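Work through the exercises below with the structure open beside you. Try each task before reading its solution.

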Amino acid sequence: MQKTISEIIHNDMLAITNQVAGIALEEIHPTSIQDAYTLHLTAKGTYDLNLFLYADKDTLQKIADNMKRSPATENEVSLYVMEFFNILGGRIVSRINKLYQQNARFAPPKIQNCRVGVVDSHEHSFSLHYGFQDGPMEVSGDFSLIQ
Amino acid sequence: MQKKIMVVDDSRFIFEDMKHKFEGIDDYSIEYYCPDGETALEKYSEYKPDLVTVDIVMPGIDGFETAKALLEKHPDAKIVMVSSLAFDETMEEAKELGTLGFIAKPFELQEVLICFNKIFNPQQ
């Protein structure tokens with residue numbers, strides 16, 4: 001199951017980042033992101049999913065600029081990237097729900113201007129690293145079925 | 001005659017994105033934007049849109065509550081639900097409310113056009 005959850009997240013990360021933000025990501029070796037911002041959402045239901053997206057300010061600016069199709073102000077950046085992450089999270093949760101015949105929903109995601117979220121070594125934890133010309137991104141988190 | 005669309009979504013990106021995608025599509029105009037359900041209920045009579053798209057997850061009253069209230073006040077309202085959460089039961093709930101379609105985010109122009117055309121030209 002872990003491999004499949006990682007695969008779902010990986011496939012959706014590539015597809016949504018491309019479709020919504022016009023960015024073609026490539027997988028890269030794990031790299032530390034300086035001055036990372038964190039977008040976080042938690043899905044709860046018959047399973048728990050913690051999803052963290054880490055990116056620096058330049059990367060978030062690029063996402064927002066591309067979504068707006070023009071330069072985004074500082075205030076606008078958080079609005080656009082939150083919607084980006086909302087769409088990504090919704091797609092991931094929908095696919096997990098369908099694949100495993102499970103049911104979970106999530107509240108609106110949160111953003112913080114620092115790296116938060118310690119992912120303990122967990123049976124179903126994941127950490128995926130991506131890069132493109134403007135910077136690196138990381139998607140990490142954990143998944144557990146509620147027995 | 002060009003159909004005027006009202007977009008109800010807490011993210012203005014969705015309205016702007018739809019407007020951009022619909023540039024050059026003569027049959028529809030993405031005309032009005034409401035950032036929440038309360039505004040949609042307040043403005044519907046003034047704007048008189050031909051169709052409303054409603055995001056499900058919004059602060060305040062959610063999309064389902066908004067659609068229900070709109071249909072109670074305006075039974076002829078044509079409503080399409082929009083969400084990043086494309087569950088079977090979500091779509092079923094939308095249908096049972098009396099809404100006419102469901103669009104999953106992120107959407108492509110073609111799938112939105114198919115949805116709108118089915119509503120306005122059901123014979124085709």
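Helices (H or I, at least four residues) and strands (E, at least two) are DSSP runs, numbered from the N terminus. The model used here is predicted.

**Exercise 1. Find A:Asp35 and describe its backbone and surroundings.**

Step 1. Place the residue. A:Asp35 sits in the loop between strand E1 (26-27) and strand E2 (37-45) of chain A.

Step 2. Check the backbone. The phi of A:Asp35 is positive, about 50°, although the residue is not a glycine.

Step 3. Decide: buried or exposed? A residue with 12 or fewer other C-beta atoms within 10 Å counts as exposed. A:Asp35 has 10, so A:Asp35 is exposed.

**Exercise 2. Do the same for B:Lys48.**

Step 1. Look in the loop between H2 and E3 of chain B, which holds B:Lys48.

Step 2. Read phi. In B:Lys48 the value is positive, near 50°, and this residue is other than glycine.

Step 3. Count neighbours. B:Lys48 has 11 C-beta neighbours inside 10 Å, so B:Lys48 counts as exposed.

**Exercise 3. Outline chain A as a whole.**

Step 1. List the elements. Chain A has three helices and seven strands. Their order from the N terminus is α-β-β-β-α-α-β-β-β-β.

Step 2. Take the extent. Along the principal axes, the C-alpha atoms of chain A fill a box of roughly 45 × 25 × 25 Å.

Step 3. Test the radius of gyration. For 147 residues, a compact globule would come near 15 Å; chain A has 15 Å, so the two agree.

Step 4. Look at burial and contacts. Of the 147 residues in chain A, 41% are buried. Take the contacts in chain A between residues at least 6 apart in sequence: 64% of them join residues at least 24 apart.

**Exercise 4. Trace the pairing of E2, E3 and E7 in chain A.**

Step 1. Start with E2(A) and strand E3 (residues 47-55) of chain A. These strands pair in the antiparallel sense over seven bridges. A:Ala43 has A:Leu49 in E3(A) as its bridge partner.

Step 2. Look at the turn. E2(A) and E3(A) form a hairpin, with one residue between them.

Step 3. Move on to E7(A). E3(A) and E7(A) are antiparallel too, over nine bridges. Opposite A:Ala55 stands A:Met137 in E7(A).

**Exercise 5. Describe the setting of A:Glu138.**

Step 1. Place the residue. A:Glu138 belongs to strand E7 (residues 135-145) of chain A.

Step 2. Judge burial. The cut-off for a buried residue is 20 or more other C-beta atoms within 10 Å. A:Glu138 has 21, so A:Glu138 is buried.

Step 3. List contacts. Neighbours within four places in sequence are left aside. A:Glu138 is then in contact with A:Ile33, A:Tyr54, A:Ser127, A:Leu128 and A:His129.

Step 4. Set sequence against space. A:Glu138 and A:Thr31 are 107 residues apart in sequence, with 8.6 Å from C-alpha to C-alpha.

**Exercise 6. Which residues have the most contacts inside the largest nonpolar core?**

Step 1. Recall a general tendency. In soluble globular proteins, nonpolar side chains tend to be buried together.

Step 2. Name the residues. The largest nonpolar core has 72 residues, and A:Ile63, A:Tyr80, A:Val81, A:Phe84 and B:Val7 have the most contacts inside it.

Step 3. Find the main contributor. Helix H3 (residues 74-100) of chain A gives the most to this core, 11 residues.

Step 4. Follow one residue. Not counting residues up to four places away in sequence, A:Ile63 touches A:Ala21, A:Ile23, A:Tyr80, A:Val81 and A:Phe84.

**Exercise 7. Why do the buried residues of H3(B) line one face of the helix?**

Step 1. Identify them. In helix H3 (residues 63-73) of chain B, the buried residues are B:Gly63, B:Thr66, B:Ala67 and B:Leu70.

Step 2. Look down the axis. The buried residues of H3(B) fall within an arc of 95°, so they line one face.

Step 3. See what covers them. The cover includes strand E1 (3-8), helix H2 (37-47), strand E3 (51-55), strand E4 (79-83) and helix H4 (88-97) of chain B.

**Exercise 8. Follow chain B from E4 to the loop after E5.**

Step 1. Pair the strands. E4(B) and E5(B) run in the parallel sense over four bridges. B:Ser83 is opposite B:Ala104 in E5(B).

Step 2. Trace the crossover. From E4(B) the chain passes through H4(B) to E5(B), and this β-α-β crossover is right-handed.

Step 3. Compare the faces of strand E5 (residues 101-104) of chain B. B:Gly101 and B:Ile103 form the covered face, B:Phe102 and B:Ala104 the uncovered one.

Step 4. Continue into the loop. B:Pro106 lies between E5 and helix H5 (109-120) of chain B. The peptide bond from B:Lys105 to B:Pro106 is cis, with omega near -5°.

Technical notes:
Residues are numbered from 1 along each chain as its sequence is written. Chains are lettered from A and ligands numbered from 1 in the order in which they are written. This is a predicted model: local features need pLDDT of at least 70, side-chain atom pairs count only at pLDDT 80 or more; totals for chains, interfaces and linings use all residues. The radius of gyration is taken over C-alpha atoms; the globule rule is 2.2 Å times the number of residues to the power 0.38. Two residues are in contact if their C-beta atoms, placed from the backbone, lie within 7 Å. The arc is that of the directions from the helix axis to the C-beta atoms. A nonpolar core is a set of buried Ala, Val, Leu, Ile, Met, Phe, Trp, Tyr and Cys residues joined through C-beta atoms within 7 Å. Two strands pair if DSSP finds at least two bridges between them. A crossover is right-handed if, with the strands pointing away from the viewer, the path from the first strand over the helix to the second runs clockwise.
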